[in-house]
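Me: Can you go through this one with me? I'll start with the ligand and then switch to the fold.
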Amino acid sequence: MNDDCIFCQILNERAPCYAVHETRYTKTFLDIFPATPGHCLIVTKDHYQDIFEATPDAISMVGHVSTLIAHVVKEELQSEGVGIFQLNGAAAGQTVFHYHMHVIPRNTGEDLTIHNRMPGDPAELEALAARLSTRAYSMRVDD
Ligand code: AMP
Ligand code: ZN
């Protein structure tokens with residue numbers, strides 16, 4: 001764990017999040033600057049800076065959970081598509097240096113950005129997290 005890392009703070013419950021799902025190895029919560037409504041982040045419970053530090057097992061768990069979360073956002077939000085993104089290093093656009101994967105609902109005609117400068121509305125984030133969480137735990141999870 002890294003005290004200066006915002007995702008470690010969320011995992012330690014020293015910072016808040018809009019929680020969606022949890023396994024022994026991962027936590028999924030909403031991005032507070034959503035590219036689109038329902039933009040989720042799947043983070044490893046252990047602190048790894050990026051793909052170059054993370055273990056293959058940890059990366060596999062995130063990939064495994066990404067299939068669940070992709071189904072969850074597509075079904076719950078009826079999105080046409082789902083973008084899965086994972087950035088490593090500032091040069092690649094990574095801004096939080098704790099390994100994570102973006103799961104972003106996508107619809108035709110929307111901007112294909114990953115980062116948004118506008119924070120989501122807290123009430124909307126809370127309502128979305130509740131819907132996605134209920135859907136996630138109602139589906140089969142192999143953790
Ligand atoms: P990346 O650029 O791939 O490192 O993505 C980091 C993401 O974390 C960005 O999309 C941010 O909007 C998001 N983010 C930063 N701080 C928080 C936070 N406290 N809770 C949820 N998402 C966050
Ligand atoms: Zn961390």
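Me: How far is an oxygen atom of ligand 1 from an N or O atom in the side chain of His100?
Reply: That distance is 2.9 Å, a polar contact (a pair of N or O atoms within 3.5 Å). Keep in mind that this is a predicted model, where local features need pLDDT of at least 70, side-chain atom pairs count only at pLDDT 80 or more, and totals for chains, interfaces and linings use all residues. Residues are numbered from 1 along each chain as written, chains are lettered from A and ligands numbered from 1 in written order, and side-chain values use heavy atoms, without hydrogens and water.

Me: What about His115 and Ile32?
Reply: A side-chain N or O atom of His115 is 2.5 Å from a ligand 1 oxygen. For Ile32, a backbone N or O atom lies 3.4 Å from a ligand nitrogen.

Me: And how much of ligand 1 does the protein cover?
Reply: 90% of the 510 Å² that ligand 1 has accessible on its own (Shrake-Rupley, 1.4 Å probe).

Me: Switching to the fold, what is the strand order in the sheet?
Reply: The open sheet runs β1-β2-β3-β5-β4, paired antiparallel. Strands are DSSP E runs of at least two residues, helices H or I runs of at least four, and pairing takes at least two bridges. The edges are β1 (19–22) and β4 (81–85).

Me: Which residue in β2 is opposite Ala19?
Reply: Phe29. β1 and β2 (residues 26–30) share three bridges.

Me: Which strands does helix α2 touch?
Reply: α2 (residues 56–77) touches β1, β2, β3, β4 and β5, with contact meaning heavy atoms within 4.5 Å.

Key. Axes fitted to C-alpha atoms, helices over the stretch in contact; angles between N-to-C directions. Polar contact = N/O pair within 3.5 Å; in protein donor to acceptor, adjacent residues only side chain to side chain.
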